[in-house]
Amino acid sequence: MEFAEFAATAAEIEGESADIATIELVAGLLADAGDDLPICTRLVQGRVFPAYEATKLDIGPKLCYEALARAAGRNVAVDDIEARVADVGEIGAVATELDLGGQQGLAAFGAGSQSPLTVAEVADELAAIASASGSGSRGTKVETLFGLFNRASDAEARYLARIVLSEMRIGVGEGTVRDAIAAAFDAPVDAVERALQVTNDYGNVARVARDEGADGLADLELTIGRPVKAMLAQAGTVTEALEDWETAAVEWKYDGARVQVHDDGETVRLFSRNMEDVTEPLPEVVSAVEDAVDGPAILDGEVVAVDGDGDPLPFQEVLRRFRRKHDVARASETVGVRLHAFDCLHADGRDLLDAPLVDRQDALDAVLGDADAVRSTFWLADDTERIEDIADEALAAGHEGIMLKDPDSTYSPGKRGKHWRKRKPDVETLDLVVTGAQWGEGRRATYLGTFELSARTDDGYAPVGNVATGITDEQLATLTELLEPHVTRETGQRVEIEPAVVFEVGYEEIQTSSTYDSGYALRFPRFVEVRSDKAVADGDTLERVERLAARQG
Amino acid sequence: MASFLMDGGVAVAKMFNAIVSADTLQATLDSVSVLVDECKIHLNDEGLEIRAVDPANVGMVDLTLEAAAFESYETDGGLIGVNLSRLEDIAGMADAGQLVHLELDEETRKLHIAIDGLEYTLALIDPDSIRQEPDLPDLDLAAHVVIEGKDIDRSVTAADMVSDHIALGVDATDELFYVDAEGDTDDVHLELDREDLIDLTPGDAHSLFSLDYLQNMNKAIPKDAEVRMELGDEFPVKMHFDFAEGQGSVTYMLAPRIQSE
């Protein structure tokens, strides 16, 4: 496909705001792509390489501007382009106004053939730029890019520049391409979705959908050595989890970095959450896996940094290790890392994405044998107290909180859904008694606001903060109506309220504070709701506040 | 020397064993590295030949170095791919006049380089992974100028003060070679007549070039070289010079810019 045709379609897509029409346009592009189908599925998303590949284009704005300046008319400098981009706000529009192509190629004089730019050529040249390394490679990159810009029409330059800087921005996301593949080749969206999840390769999935149909898509499987996206968790509470599932799978939540382990039985490779190969910086994990895993297998886990005593260190320490390319041996002496494998995506030649969590746990046990060293904790629990105990243990061991998972759920790569929930201490809310308030100002003068919240103590109540945010005007009216009868004393705007109403309140963290007699203050408290189901005697105690504060470490 | 560069299907070299002075090797590498980082070197009984075009297909180099330029030279012919900047770094380790011994290890596909006790083993590049060599365009350029390398250097330096483009031309009537550079505010004009030039074959010629390329080529042109420049009207410029006492020759070709302004 000629790049001009691609650019023309990209322009149409950019001008289209409706989702369905966008999908149709992308589908049309893919249907016409022929041999260039894999490339087109990527370029339309502004990508040059498949998502699973470690190769990055890695062209900075400066390099791109330099190439554009050379391809532009007389005496256009990098600074001029930088200034235009600052004005216009995006490189594509600037590229179209530079009057590119003034430099003729030798091809025009008989050295090689002179042909229009094709998408395949663009992809090849950009791949050459990505692979150029060593001294002098910067010059080669600029020249190669200059060569592309020099051959591009204004319309082509617009999208070429955006692809180069990974700023395609034509409103085509992964979902659009998924739906377009399904539409273009008459394949079920679910089948395309699944195929994308297991292969992480839009180009190949499009090709298989076209050439082999739904059956071909169904045959696509995980490949050891090719990372897939990680399944993600949303914030949640124990109560909701038990309401939804009755029994919850509970794991410690580690403050580390997500790592996917690929062991083909001989070689172990590790990938970070953004699918970078992090095998080299983590030799201890590799050897731990080599010892523990009876491959082939793909595992999901968390790598935690540990100090000399094996106690967990903050997350930043792991990232430091990820980035450390040299001197790994020395780095691992000061900061160790430990893998906690908590899921199994593939074992024994079988993909397990569709198996329920409990079955995947069995597979994980089978793969790891009795190698507890790399296995994460795992419990099934159906009552709050048991789960709170596990949470306390996790926090006591220096970890972040707990994960709550639906025992029957399958593994959905890249999805952040309700099947996995993370509960950190700060997700916990407090039920606090309202012991005071202030009359509002101006428009809100007839409403009570800024409510003083107190925790129960042995002999009364101790204030831990004031909540004023998270409350709508309607709620203010209702709350005023609810609280006004309990006002015991008014001093100016300030009122004292007898303990009668319980608020559920969220917060960022609990700080020790001299502001309040309790010795604690809620940071960023926010109103959640009135706990009309709770009597003041059911409100949280100062002791609980203290305990939560201690957990924060 | 006749060109022995073939259109493709050239076998990878098996045997190559040569000794050459560091000066000659450096001049050879520098002439090519101003345009590309990697190149194919064709080896043949008569010597070696390198032809390469920059990634944007704008500037080309065609270089030959005769076997006689070497202290000793043996090959059974074929092709090797090299990383030029790496090889330049190694050659740079030698003092002027020192000898460099190059020997291809057929088994490991590596080039052993020895310089007075220093040994370096250079991994070669698969020639197929290197950008294809260009065809040599057959150009009939009207104006010929023979000019000293230092005058090209002067022209390029002067133009660079004001512009990123440079116009090269010959005024057939007045028998002049001239250089024009237009900046946003300042302009440069330079004229060389028959007195200043080694030779001039008049013909009307005027072409605009990117200074970037010309600067790079200028770096590799010895200041004392006699450069034969061929020019046309909105045509590429060809610059030819010899090195290694006439046993090496370099031809540069540079495509013009469109004179829209």
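I'll start with one pair: the side chains of Arg70(A) and Asp212(B) form a salt bridge, at 3.1 Å from N to O. Keep in mind that this is a predicted model. That bridge belongs to the contact between the two chains, so named here as chain B and chain A, where the count is 3 salt bridges.

Staying with that contact, 38 residues of chain B and 27 residues of chain A take part. The area buried between chain B and chain A is about 2,600 Å², and carbon and sulfur atoms give 44% of it. For polar contacts, the count between chain B and chain A is 13 residue pairs, both residues at pLDDT 80 or more.

Which elements of chain B give two or more residues to the side that touches chain A? They are S4, helix H2 (84–91), strand S15 (205–210), helix H4 (211–220) and strand S18 (248–254). H4(B) gives the most, with 3 residues. By class, that side of chain B has 18 nonpolar, 8 polar and 12 charged residues.

Now to the inside of chain B. The chain is divided into domain 1, residues 2–129, and domain 2, residues 143–254. Taken over C-alpha atoms, the centres of these two domains of chain B are separated by 28 Å. In contact across the boundary are 20 residues of domain 1 of chain B and 17 residues of domain 2 of chain B.

Between them, domain 1 and domain 2 of chain B bury about 1,400 Å², with 59% of it on carbon and sulfur atoms. On the domain 1 side, Val34(B), Val58(B) and Met60(B) supply 33% of the area buried against domain 2 of chain B, more than any other three residues.

How many salt bridges does the rule find across the interface of domain 1 and domain 2 of chain B? The number is 0. Polar contacts are present, with a count of 6 residue pairs between the two domains of chain B, both residues at pLDDT 80 or more.

As for elements, helix H1 (22–33) and strand S4 (59–66) of chain B are those that give two or more residues to the side of domain 1 that touches domain 2. S4(B) has the largest share there, 8 residues. By class, this side of domain 1 of chain B has 11 nonpolar, 5 polar and 4 charged residues.

One last point, on S4 of chain B. This strand is listed on the side of domain 1 that touches domain 2, and S4 is also listed on the side of chain B that touches chain A.

Notes: Residues are numbered from 1 along each chain as its sequence is written. Chains are lettered from A and ligands numbered from 1 in the order in which they are written. This is a predicted model: local features need pLDDT of at least 70, side-chain atom pairs count only at pLDDT 80 or more; totals for chains, interfaces and linings use all residues. Side-chain values use heavy atoms; hydrogens and water are left out. Domain bounds come from an automatic or database domain assignment. Contact means heavy atoms within 4.5 Å. Buried area is the accessible area (1.4 Å probe) that two parts lose on being put together, summed over both. A salt bridge is a side-chain nitrogen of Lys or Arg within 4 Å of a carboxyl oxygen of Asp or Glu. A polar contact is a pair of N or O atoms within 3.5 Å; within protein, one must be able to donate a hydrogen and the other to accept it, and residues adjacent in sequence count only if both atoms are side-chain atoms. Helices (H or I, at least four residues) and strands (E, at least two) are DSSP runs, numbered from the N terminus. Ala, Val, Leu, Ile, Met, Phe, Trp, Tyr, Cys and Pro count as nonpolar, Asp, Glu, Lys and Arg as charged, and the others, Gly among them, as polar.
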